[in-house]
Amino acid sequence: MTTDALQPSAATEPLKSAGVEATTIAVEADTTVVEADDSAAKVDTTSAEDATETLQPAIDSASKKNIETAPIAEIKDDACTTDHPSVDSVASALEDSSIVDVPQSASAIVGTTSTPESPREADRISRNLLSPVLSRTSSKAPATSHPLQSSGDSAGPSPAEIASAILLKDGDTARALGSAAVLGSGESERTAFSPLQRNSTSPVSSGSMRGIHADIAEVSDDEDSEDKQRRLFKAAELRRLHREQMAQNNNLSSEDIQIMRSGLSNAREYVTSSELRVLNGTFPDGLRGSLYLLGPGQLDIKYNVQRELEQATRVFTYGNIMDALPLLSKISFDPINKTIVHRSRLIAKQAAGRIHMEHGVNTKVPGALYLTDTNQTVLSKFIPKAQHHATPEGECCSQGIELFMPLQGSSQTIVCTNHVGALQNIDPADLRPRSTVDFKSVNSAFKGALSCPHMQYDSNTREHFTVLQDVGFRSTTYNVVCISETQPEGYVVASFAAQASVLHSFAITQDYIIVPVYPYDSPLGGMSYRWSDSLLETLSFEHSRPVMFYVISREYRRVQCVYQAPAFFALHQINAVQESATDSVAIDMVTYDDDTVLRRMQIKDLRKSNSAFPVPTGVVRRFQLNGITMEATKYVGSKGNLSLIPPAHSRIVRTERIELCCINPIVAARPYTFVYALGHSETLRGQPTQSSVGAMYNCIVKLNTNDSSVEPLIWSRTHCFPSEPVFVPRNDTEDDGYVLSVFFDSMRITSCLVVLDAQTFNEVLIAQLPAAIPLSFGHAKFAI
């Protein structure tokens, strides 16, 4: 709404007095924004209603004399509410708009004060009080390009400029003032994880938090006093509301900022799809399909506790990153329109609601967590539990993804899994959870409260395999089960007895299933397991005992033989190759001396801003299981005698330390050459680790497993932490394709998608996501 100039008239003096009075009231009310040069005293403000009552008699007096007055605008109530539109939600809509083109009315909210003796005196006072603001005038600064964007690309208005436009809410006022909102020195964008920046000179600033502020242009002296005062009044009031809004919504401590920069803060979901903004590069030629990512989404959950005379808010924080409630993301590639579309969803909101109500995690089965304090008393174990998996979003399924697994009569599903036998059926289109079931509901013969979260899929037979552990008081029964399109109800492949173990993945070949059982011990056996909520508190790693490889025949559905190796621990298998000529199987795994890698993934340690608690990486080791058919006859007579169990010969394939590996899916269960993984760039390059690097993996690496003399290819960016890479083939050549990953930028507190050429490791594309995705030890799959 534009401000009309007052017409000269003999009756303008009352209106002038009223306008000056309103201006003086506004200037005194804006003590939170404007600092006086001559005095530091603050003036108490009163309500807008009282100010309106003070101003109304003068306006009525002018109206009676038929004088056309300029309308007094009103600031909308939602301008200072906490539910204002965020930069992320409107950036795309305003991307091509300038600040002055944002149509919105602005108003004055005034307080009461005494009337100045004359308009000239009021003008002098207002100029005195506004001099600090007028001294900070500047023209609109040029938009700063994205740090990851090529200098030749046009980025358009930055989110900070858009934020200023939203907060100004008056294009006409901006034009009248002669300048637009500009960004203070420092960061040039804001994401869903980052706080609104505060100016270091503002009263609410703290530490390094800088501000988005609206500078006010100086008004020329030849303008009418009423117009000048009205403009200054509007700008000052908008500035005050902006600062109040920041104080209410973004009162963040240095600890909060450190948590956000660590990449381990609660995520936002985007249930509606949005097109990603390409920062660098071009659309990958021929890339078609969808990338599904599963990782932590909710790590901190608030709950209320009742005290004697007040309510207090506390926060429950998960202990281990693998226990956090999940966020499922989908990034789709359209080669025809050359667009990249993103959506995401928190898929365990009902589980979060339960934590809010119960002030912690009330587990339904033993060992449901890896290492987290449930914040529950021992009496909670005697309270009857609700039905397990009763709601679609009531279970934390955050450790594995299976694509198009037949479940509940449909194969068009995305199935998320965990280590306690839960299967979450998810719609692949909109990521909406349909239901959550357990293996026993699929088939009553599928017994076992513990399950292997990483299922194995045979693309030739379209069968999905997994391993269940039925923990007893003296021993544990391992049940290897299979679900396929021809047999959606599934069947038990084989069973065997061994000690309970932490089993994260296993391997398959054309004829065999190989299950490694790592050496764990439980002090009280099954009794300790049944009374514990955290699996790592129940089981302890035993370095003195061997790892047992159980080789199961897929054809005969029985254990063929067993191999043993010195104690080690592994989370992920890379590949398993069956050699018919030698009747042997070679398994490549990322190995560790023990299970420290799991115990190091505590959220409180990962949130620290140094590398005092880095997540360990392992070495690629190849285990050779020779003469399976011959050893099968010996196994029958061994009866568990370790002296008769053959060894699994091993060698280190690469000395580089890595984790979260992937290969070209075309060479799965076949001889292969290249592996793609995450690691610490300083370690891989032989450089000293800096204290500011952080704990999580900060690079993607390509290794040649057949020739250790070939130097690894490494992709990394400063302060960026990638997620598990995914290989998407382009043709039949093993390393001809793309490597996809989503990395977190800890300086900008945002996440981006990177697409690398798998052969050269050059960047093909970088696209910015609408919000930051937390760092994860989770997994990803690509579906065409």
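Select Gln602 and Gly319 to start: the side chain of Gln602 reaches the backbone oxygen of Gly319 at 3.3 Å. This is a predicted model, in which local features need pLDDT of at least 70 and side-chain atom pairs count only at pLDDT 80 or more, while totals for chains, interfaces and linings use all residues. Residues are numbered from 1 along each chain as its sequence is written, and side-chain values use heavy atoms, with hydrogens and water left out.

**Stop 1: Gln602**

Keep Gln602 selected and add Leu371, whose backbone oxygen lies 3.5 Å from a polar atom of the Gln602 side chain. A polar contact here is a pair of N or O atoms within 3.5 Å; within protein, one must be able to donate a hydrogen and the other to accept it, and residues adjacent in sequence count only if both atoms are side-chain atoms. Gln602 sits in the loop between helix 13 (596-599) and helix 14 (603-606). Helices (H or I, at least four residues) and strands (E, at least two) are DSSP runs, numbered from the N terminus. Leaving out residues up to four places away in sequence, Gln602 touches Gly319, Asn320 and Leu371, where contact means heavy atoms within 4.5 Å. Show Tyr370 as well: its C-alpha is 10.0 Å from that of Gln602, although the two residues are 232 apart in sequence.

Is Gln602 buried or exposed? Gln602 counts as buried because its relative accessibility is 12%. The cut-offs are under 20% relative accessible area for buried, over 50% for exposed and in between for partly exposed (1.4 Å probe, protein chains only).

**Stop 2: Arg554**

Move to Arg554, in the loop between strand 23 and strand 24 (558-565). With a relative accessibility of 13%, Arg554 also counts as buried. Its side chain joins that of Glu463 through a polar contact of 2.9 Å. Display the residues that Arg554 touches, not counting those up to four places away in sequence; among them are Asp458, Thr461, Phe465, Asp511 and Tyr512.

**Stop 3: the sheet beside it in sequence**

Select strands 19, 20, 23 and 24, which form an open sheet in the order 19-20-23-24 with antiparallel pairing. Strand 19 (507-508) and strand 24 stand at the edges with a single partner strand each, so one side of each has no neighbour in the sheet. Two strands pair if DSSP finds at least two bridges between them. Strand 20 and strand 23 pair in the antiparallel sense over six bridges. To find the register, pick Val515, which stands opposite Tyr550 in strand 23.

**Stop 4: the cores**

Now colour the nonpolar cores, each a set of buried Ala, Val, Leu, Ile, Met, Phe, Trp, Tyr and Cys residues joined through side-chain atoms within 4.5 Å. The largest has 130 residues, and Phe496 and Phe549 have the most contacts inside it. Its largest share, six residues, comes from strand 23 (residues 547-553). Apart from this core lies another of 25 residues, including Phe283, Leu293, Ala780 and Phe782.

**Stop 5: aromatic rings**

How many aromatic pairs does a search of the whole structure find? The search finds 18. Rings of Phe, Tyr and Trp (its six-membered ring) pair if their centres lie within 6.5 Å; planes under 30 degrees apart count as stacked, over 60 as edge-to-face and the rest as tilted. Select Tyr518 and Phe568: their ring centres are 5.8 Å apart and their planes stand at 80 degrees, so this pair is edge-to-face. Tyr518 lies in the loop between strand 20 (512-517) and strand 21 (520-521), and Phe568 in the loop between strand 24 and strand 25 (569-579), so the pair ties together parts 50 residues apart in sequence. Tyr518 is buried at a relative accessible area of 0%, and Phe568 is buried at 5% relative accessibility. Extend the selection to the cluster linked by ring pairs: Tyr518, Tyr520, Phe541, Phe549, Phe568, Phe569 and Phe623.

Two charges over rings come next. The charged end of Arg558 sits over the ring of Tyr556, 5.0 Å from its centre, and Lys702 lies over the face of Phe674, at 4.5 Å from the ring centre. The criterion is NZ of Lys or CZ of Arg within 6 Å of the ring centre and within 35 degrees of the ring normal.

**Stop 6: a hairpin**

Go to strand 12 (residues 422-426) and strand 13 (residues 433-438), which pair in the antiparallel sense over five bridges. Asn425 stands opposite Ser435 in strand 13. The two strands form a hairpin with six residues between them, and Leu431 in the turn has a positive phi of about 65 degrees.
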